[in-house]
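Dear colleague,

I am handing over the structure that we talked about, and I would be glad if you could keep it open beside this email while you read. What I found in it follows below.

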Amino acid sequence: TNKTNKFVTSPMKNFYAMKKNGFLLLLAWIAPLFSLQAQNAALGERVSEVKTETWLGGVRPMTAPLTVIAFFAASNPACVKSLEQLYALTEKSGERLRVILVTRDDDAKISPVVTPYLSPRFTVAFDTDGKIFKNFGVNYVPFSLLTDARNRVLWQGNSLHLTDKIVSSAQ
């Protein structure tokens, strides 16, 4: 009888399997490096001001020593969830902090979601042409920057991760 061992494979099959597994491991190791480059701002770096002619409800932001620039989409559940937290930070920080939401959404889409939070300390800048997103190198939302009065980045990340402790410790 011709018995073959089903566990014996040719050396070439083993070589290709190891090569394939090695390549997949290399990809898994390198992939996070690309995601770390997702946004362009660096801590301590000066960023441009948010410049737009169109503000939701005509409400322009007041001046404040600290600014949260939060990139926002009404269709993103995490962005919507972050609204309450960002608003609470402005309430707790008083005149020290303002929040500027930057959105590509149109007025009809954003108004029902954001209007309850609007104030001179909590404003919405329309970025219909995407220039603000592009200037800040934003590739995903929610994403926020905490900046000082000279527009230097003090913190950046997911808006849901911005805490009162971070804002309080900002200079």
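Which residue stands opposite Leu145 in S4? Before the answer, please bear in mind that this is a predicted model. The residue that stands opposite Leu145 is Ile69, and the two strands S1 (residues 66–72) and S4, which run antiparallel, are joined by 5 bridges.

The sheet as a whole is a good place to continue. It is an open sheet of 5 strands in the order S3-S2-S1-S4-S5, and its pairing is mixed. At its edges are S3 (122–126) and S5, each of which pairs on one side only, and from one strand to the next the twist averages 20°. On the S3 side, strand S2 (residues 97–103) pairs with S3 in the parallel sense over 5 bridges, and there Val99 stands opposite Phe122 in S3. Two helices pack on this sheet: helix H2 (residues 77–93) touches S1, S2 and S3, with its direction at about 155° to that of S2, while helix H3 (residues 107–114) also touches S1, S2 and S3, with its direction at about 170° to that of S3.

Strand S4 (residues 143–147) deserves a second look, since 5 of its 5 residues are buried. Both of its faces are covered, with Phe143, Leu145 and Thr147 buried on one side and Ser144 and Leu146 buried on the other. S4 is also joined to strand S5 (residues 153–157) by 4 bridges, and these two strands run antiparallel; the bridge partner of Thr147 in S5 is Val153. The hairpin of S4 and S5 has 5 residues between the strands, and in this hairpin Asn151 takes a positive phi near 65°.

Finally, there are the aromatic residues, of which the structure holds 7 pairs. In one of these pairs, the rings of Tyr140 and Phe143 have their centres 6.1 Å apart and their planes at 75°, so the pair is edge-to-face. The two partners are not equally covered: Phe143 counts as buried, at 2% relative accessibility, whereas Tyr140 is partly exposed, with a relative accessible area of 40%. Both belong to one aromatic cluster, formed by Phe71, Phe133, Phe136, Tyr140 and Phe143. Another member of that cluster, Phe133, has Arg104 lying over its face, at 4.0 Å from the ring centre.

With best wishes

Notes. Residues numbered from 1 in each chain as written. Predicted model: local features only at pLDDT ≥ 70, side-chain atom pairs only at ≥ 80, totals over all residues. Heavy atoms only, no water. Buried < 20%, exposed > 50% of the residue type's maximum accessible area, 1.4 Å probe, protein only. Pairing = 2+ DSSP bridges. Axes fitted to C-alpha atoms, helices over the stretch in contact; angles between N-to-C directions. Contact = heavy atoms within 4.5 Å. Phe/Tyr/Trp six-rings, centres within 6.5 Å; stacked < 30°, edge-to-face > 60°. Lys NZ or Arg CZ within 6 Å of the ring centre and 35° of its normal.
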